[in-house]
Amino acid sequence: MNRIKTFLSTFSVRTGIIILLCCIPCYILSFAQMSLPISTTAKGILWVLLFGLAKATQYTGLTILGVEGIRRLKARFKRSNQGA
């Protein structure tokens, strides 16, 4: 597990943000597919796959960002809100 965290921490903050943003479409698709005219079993399988993918991308993005990356993002948002 520690090797994975070390590997993911070598990526840039920009990569972490991009991967973190990829979880949004996965969350949307995981719930939007419920309106498709398919069997309940297929809906359940699709939901598990898409929701699992959303969680995986979310946690991977957060791991890449790390604590320092999140602090930098918060500081950037605070500066942009003060200037507006």
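Me: Is Q58 buried or exposed in this model?
Reply: This is a predicted model. Buried means under 20% relative accessible area. Q58 has a relative accessible area of 19%, so Q58 counts as buried.

Me: In which helix does Q58 lie?
Reply: The protein chain has three helices and zero strands. Q58 falls within residues 40–83. That stretch is helix 3.

Me: With which side chain does the side chain of Q58 make a polar contact?
Reply: A polar contact needs N or O atoms within 3.5 Å. For the side chain of Q58, one such pair is 2.5 Å apart. The partner is the side chain of Y27.

Me: Which residues is Q58 in contact with, leaving aside neighbours within four places in sequence?
Reply: Contact means heavy atoms within 4.5 Å. Y27 is on the list, and its side chain also makes the polar contact with Q58. The full set is L20, C23 and Y27.

Me: Is C23, a contact of Q58, buried or exposed?
Reply: The cut-off for buried is under 20% relative accessible area. C23 has 7%, so C23 is buried.

Me: How many disulfides does the count come to?
Reply: A disulfide is a covalent bond between the sulfur atoms of two cysteines. The test here is a pair of cysteine sulfur atoms within 2.5 Å. By this rule the count is zero.

Me: Which cysteine sulfur is nearest to that of C23?
Reply: C23 is in no disulfide. The nearest cysteine sulfur is 7.4 Å away. It belongs to C26.

Me: Why is the sulfur of C26 not bonded to the closest cysteine sulfur, in C22?
Reply: C26 is itself buried, with a relative accessible area of 11%. A disulfide needs the sulfurs within 2.5 Å. The sulfur of C26 is too far from that of C22 for a bond, because the distance is 7.2 Å.

Me: What pattern does the protein chain follow along the sequence?
Reply: There are zero strands in the protein chain. Its helices number three. Read along the sequence, the pattern is α-α-α.

Me: What is the radius of gyration of the protein chain?
Reply: For 84 residues the globule rule gives 12 Å. The value for this chain is well over that, so the chain is more spread out than a compact globule. Its C-alpha atoms fill a box of roughly 50 × 40 × 15 Å along the principal axes. The radius of gyration is 17 Å.

Me: What share of the residues of the protein chain count as buried?
Reply: Q58 is one buried residue, and C23 is another. Of the 84 residues, the buried share is 18%.

Definitions and conventions:
Residues are numbered from 1 along each chain as its sequence is written. This is a predicted model: local features need pLDDT of at least 70, side-chain atom pairs count only at pLDDT 80 or more; totals for chains, interfaces and linings use all residues. Side-chain values use heavy atoms; hydrogens and water are left out. Helices (H or I, at least four residues) and strands (E, at least two) are DSSP runs, numbered from the N terminus. Buried means under 20% relative accessible area, exposed over 50%, partly exposed in between (1.4 Å probe, protein chains only). A polar contact is a pair of N or O atoms within 3.5 Å; within protein, one must be able to donate a hydrogen and the other to accept it, and residues adjacent in sequence count only if both atoms are side-chain atoms. The radius of gyration is taken over C-alpha atoms; the globule rule is 2.2 Å times the number of residues to the power 0.38.
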